[in-house]
Amino acid sequence: MFVGKAMEAPFIGIAVMLLVGLGTPGALISAAIDGDWLRALNPLLWLQVMARLGMPYLLLSGLCLLISLSESNAQEMLVPLMPAAFALVVYYLIAHYALVATFHLMGYTVFQYHELLGFEVDEGWAPLVKA
């Protein structure tokens, strides 16, 4: 339904998709830090996370977009070449790998910029990352 409406007014559709694409990491980061999914749906909170992180947030959003585009391209290229049962497994393997990669990227961003976000890191995690 949204795609149909976006085709009628492409500029509005692109603007909404960009807003959602930029806001998704902020919503997921705030949900992970606060543990409150309803509060994380507030677009003002997304803007607050964007403002606190600045350029690293834009880079994070760009990398998440790049991973998402790479995921869909890999699925489009590989799945048609395989038998149906195997293609389904490969399709979801690629999707889950991309999901884990983006969540890891967001988690590392939270760890790296935890002071800016007002998040206190548990001391037990530090040796795992500082290697």
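This report covers the fold, one helix, one pocket and the aromatic pairs of a predicted model.

## Overall fold

The protein chain is helical: eight helices and zero strands. Read from the N terminus, the order of elements is α-α-α-α-α-α-α-α. The chain has 131 residues, and 24% of them count as buried.

## Helix H2

Helix H2 covers residues 10-34, which is 25 residues. From first C-alpha to last, H2 reaches 35 Å. The span expected at 1.5 Å a residue is 36 Å, so the two values are close.

H2 is bent nonetheless. The bend is about 35 degrees and sits at Gly23. A proline, Pro25, follows within four residues of Gly23. Both Gly23 and Pro25 are buried. Other buried residues of H2 include Gly13, Gly26, Ala27, Ile29, Ser30 and Ala31. After H2 comes Gly35, with a positive phi near 75 degrees.

## The second largest pocket

The second largest pocket holds about 440 Å³ of space. Its lining has 19 residues, and those closest to the centre are Gly21, Ser61, Cys64, Leu65 and Ser68. Three elements each give two or more residues to this lining: H2, helix H5 (55-78) and helix H6 (84-112).

What classes of residue make up the lining of the second largest pocket? Twelve are nonpolar, six are polar and one is charged.

## Aromatic pairs

How many aromatic pairs does the structure hold? There are two. One joins Tyr91 and Tyr92 in an edge-to-face arrangement. Their centres are 5.2 Å apart, with 85 degrees between the planes. The angle is over 60 degrees, which is why the pair counts as edge-to-face. Tyr91 has a relative accessible area of 35%, so this residue is partly exposed. Tyr92 is also partly exposed, at 45% relative accessibility.

The rings of Tyr108 and Phe111 have centres 6.4 Å apart. Why is this pair tilted? Their planes stand at 35 degrees. That angle is neither under 30 degrees, as stacked requires, nor over 60, as edge-to-face requires, so the pair is tilted. The centre distance also lies within the 6.5 Å limit for a pair. Tyr108 and Phe111 both belong to helix H6. They are three residues apart, about one turn of the helix. Tyr108 is partly exposed, with a relative accessible area of 40%.

Definitions and conventions:
Residues are numbered from 1 along each chain as its sequence is written. This is a predicted model: local features need pLDDT of at least 70, side-chain atom pairs count only at pLDDT 80 or more; totals for chains, interfaces and linings use all residues. Side-chain values use heavy atoms; hydrogens and water are left out. The bend at a residue is the angle between axes fitted to the seven residues ending there and the seven starting there. Buried means under 20% relative accessible area, exposed over 50%, partly exposed in between (1.4 Å probe, protein chains only). On a 1 Å grid over the protein atoms alone, a cavity is a set of points where a 1.4 Å probe fits but cannot get out, and a pocket is an open set with protein on both sides within 12 Å along at least five of seven lines; lining residues have an atom within 4 Å of a point. Grid points are joined across faces, edges and corners, and a volume is the space filled by probe spheres set on the points. Ala, Val, Leu, Ile, Met, Phe, Trp, Tyr, Cys and Pro count as nonpolar, Asp, Glu, Lys and Arg as charged, and the others, Gly among them, as polar. Rings of Phe, Tyr and Trp (its six-membered ring) pair if their centres lie within 6.5 Å; planes under 30 degrees apart count as stacked, over 60 as edge-to-face and the rest as tilted.
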